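Trainee: Could you go through this structure with me? I would like to learn how to read it piece by piece.

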Amino acid sequence: MNATPNGSQQPQQHDVVIMGGGLAGLTLALQLKQRFADIDVLVLERRTHPVPHAAHKVGESSVEIGARYFDTVLGLKPHMQDAQLRKFGFRFFFSEGRRDIDQVTEIGASRYLAVPSYQIDRGIFENYLAEEAARRGVKFIDHALVRGIDLAEDTQTPHTLRWTRDGETHTIAARWLIDACGRAGMLKRKLGLAEPNAHDANAVWFRISDRITLDDWSDDPEWRARCTPQARWLSTNHLVGAGYWVWLIPLASGSHSVGIVADPKYHPLDTMDSFDKAMAWFARYQPRLFDELDGKRHLLQDFAFFKNFSYGCKQVFSERRWALTGEAGLFLDPFYSPGSDFIAIGNTYITDLIGHDRAGHSLSARAQLYDQLYHSFYESTLALYQDQYGLFGDPEVLPVKVIWDYTYYWGVLAQIFFHDRLTDLALLGSLKDELQHSQALNIEVQALMRAWSAASGKHNAAVMLDQASLPWFAELNRSMNDTLDDAAFKARIQGAVAQLHQLAQEIRDRALACDPTIDDSALRALLAPHRQTSPNAGTAMLFDAPSSPSRTRAEPA
């Protein structure tokens, strides 16, 4: 595997060199070997393996696209089921300043839905991925530092790369060069591709080497019995308030990941950028979590933070045979855990581009279209976060937002991935109007919810809004497992847009009932011309609006 350091010989050449052996790089290597048995893939990883469990990296919660990529596309289901934890969905508690978690509004499912997702101990997973990559024939070198990159000037000449390990320098050549080195973004820096976005948020996080069993925070048997199994701790639990959310994520190693993500307009980073500051912050804003952690300070495993963590990238795929994947390209927000989703999407596009190159086809148009699609998915998802943190503490509006965001995700993007249509440019082109319309709907519904929250009463009823009790919602989740031909897939997306229309209309009505002066003109214009019947026509999609403080459980309308 050693290449010539002095240039007197031709450097060793590889089909693909991946800079970075974390989640994005290793899963890409596996996908490439799965698609092309004879491909020569080299992964250069800066860290020494094996990496530590738990206190390694964030990005521990996966959602449906990422989970599908890991367990089905890459064939890793035995590991996901046996070595990781099945996630009990997302769960939200409006618990700011409260210790009585059973007396606040809770959003979450009372049972597991059909499509699985996982809580991932990144140390366990990345060690396994490195071992699995080696078993499948990927060349994996740890403790390797990339020192220099020379990109080819034409489509035939290979790229060259210099790297060192234990003081020895190596020079290699690669037909394809992939940057998966995370926020270091070597290619991004070299090519001047960094691009800010308008979403400003910060995050701090740490791991505790003990389980946080949120179910034990109440001894009310009725509250505990609302979930089957009685294991809320297996959820990605969110403790929410205006301008922030706190995550609680269990890890298979027995540790628990804890994080605070906040808009600095509400909660500046310097109020929480050390463990002691974070604990003081919990004492004020989430006192029940403070109680849980105060006696476990000695079990702290790590502490870290990111300032202004969200960013874009001008280009991630190139006809010049380079690409960026994972956080080397762009990053949105940990809310809804989209990181592994974008790894799945990006790696699928990279694998397809490499396939077209191996077949001798021109990459120009395809690379450009994949880049446009990837950025469209990014911009659509960014709208879920940008300027939305202020309503996170609203027990009336956030539950509606969560339902909308799920419906948009499961109904459109997840359907494209689950039904293997990401690279079907002709079929996606035939749905261009529907996809653009759904994107426009999403932007206007997000704006409407901001306006609604400014006027809402923010009534925090002691209720559980059980998503599993909404038949249409559970069916939308299950429908991702269907097998569809092209005509059925096209009908599925058209039906999803109709479903979004119905839901948007209900949200508009709910908002205007709260404040008739809200400007809904842009959304009303989008809703007016639609004629297709929603699959849920005649059935209300939202939970009942909060009524009185005595109400104990919300049922679907």
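Mentor: What follows is a talk about confidence, helices, and a few backbone details.

Trainee: Before anything else, what is the average pLDDT of the protein chain?

Mentor: This is a predicted model, and the protein chain averages a pLDDT of 95, with 96% of the residues scoring at least 70. Over residues 1–7, however, the pLDDT is below 50, and beyond near neighbours in sequence this stretch has 16 contacts in the model. Residues 548–557 also stay under 50 in pLDDT, and the model has 29 contacts for them beyond four places in sequence.

Trainee: How should predicted coordinates be read where pLDDT is low?

Mentor: Where pLDDT is low, the predicted coordinates should not be read in detail.

Trainee: Okay, on to helices. At what angle do α11 and α15 pack?

Mentor: Helix α11, which covers residues 398–418, packs against helix α15, residues 486–514, at an angle of about 170°, and their axes are 9 Å apart. Angles over 145 degrees count as roughly antiparallel, and α11 and α15 are therefore roughly antiparallel to each other.

Trainee: And which residues make that contact?

Mentor: On the α11 side they include W404, Y408 and V412, while the α15 side includes F489, L500 and L503. By class, the contact of α11 with α15 has 13 nonpolar, four polar and one charged residues.

Trainee: I clicked on C514, so where is that?

Mentor: C514 is found in helix α15, and with a relative accessible area of 31% it is partly exposed. Leaving aside neighbours within four places in sequence, C514 is in contact with W452, A455 and S456. If you compare C514 with I65, the two are 449 residues apart in sequence and 35 Å apart in space, C-alpha to C-alpha.

Trainee: How far apart in space are A134 and F94, then?

Mentor: A134 and F94 are 46 Å apart, C-alpha to C-alpha, with their positions 40 residues apart in sequence. A134 lies in helix α4, residues 122–135, and is partly exposed at a relative accessible area of 47%.

Trainee: What span should helix α9 have?

Mentor: Helix α9 has 20 residues, 339–358, and at 1.5 Å a residue they should span 28 Å, which agrees with its end C-alpha atoms being 28 Å apart. As for surroundings, α9 is mostly covered, since 18 of its 20 residues are buried. After α9 comes G360, with a positive phi near 85°.

Trainee: New topic: what sign of phi do most residues other than glycine have?

Mentor: Most residues other than glycine have a negative phi, and most peptide bonds are trans. In this model D166 is not a glycine, and yet its phi is positive, at about 55°. Y336, also a residue other than glycine, has a positive phi near 70°.

Trainee: Is Y336 buried or exposed?

Mentor: Y336 is buried, with a relative accessible area of 10%, and lies in the loop between β19 (322–324) and α9. D166 counts as exposed, at 62% relative accessibility, and its place is the loop between β9 (159–165) and β10 (168–179).

Trainee: And which peptide bond ending at P50 is cis?

Mentor: That is the bond from H49 to P50, with omega near 0°, and P50 is in the loop between β2 (41–44) and α2 (64–73). The bond from T228 to P229 is cis too, with omega near 5°, and P229 is in the loop between α6 (221–224) and β13 (236–241).

Key:
Residues are numbered from 1 along each chain as its sequence is written. This is a predicted model: local features need pLDDT of at least 70, side-chain atom pairs count only at pLDDT 80 or more; totals for chains, interfaces and linings use all residues. Side-chain values use heavy atoms; hydrogens and water are left out. Axes are lines fitted to C-alpha atoms, for helices over the stretch in contact, and angles run from 0 to 180 degrees between N-to-C directions. Helices (H or I, at least four residues) and strands (E, at least two) are DSSP runs, numbered from the N terminus. Angles under 35 degrees count as roughly parallel, over 145 as roughly antiparallel, 65 to 115 as roughly perpendicular and the rest as oblique. Contact means heavy atoms within 4.5 Å. Ala, Val, Leu, Ile, Met, Phe, Trp, Tyr, Cys and Pro count as nonpolar, Asp, Glu, Lys and Arg as charged, and the others, Gly among them, as polar. The expected span of a helix is 1.5 Å times one less than its number of residues. Buried means under 20% relative accessible area, exposed over 50%, partly exposed in between (1.4 Å probe, protein chains only). pLDDT is the predictor's confidence in each residue, from 0 to 100.
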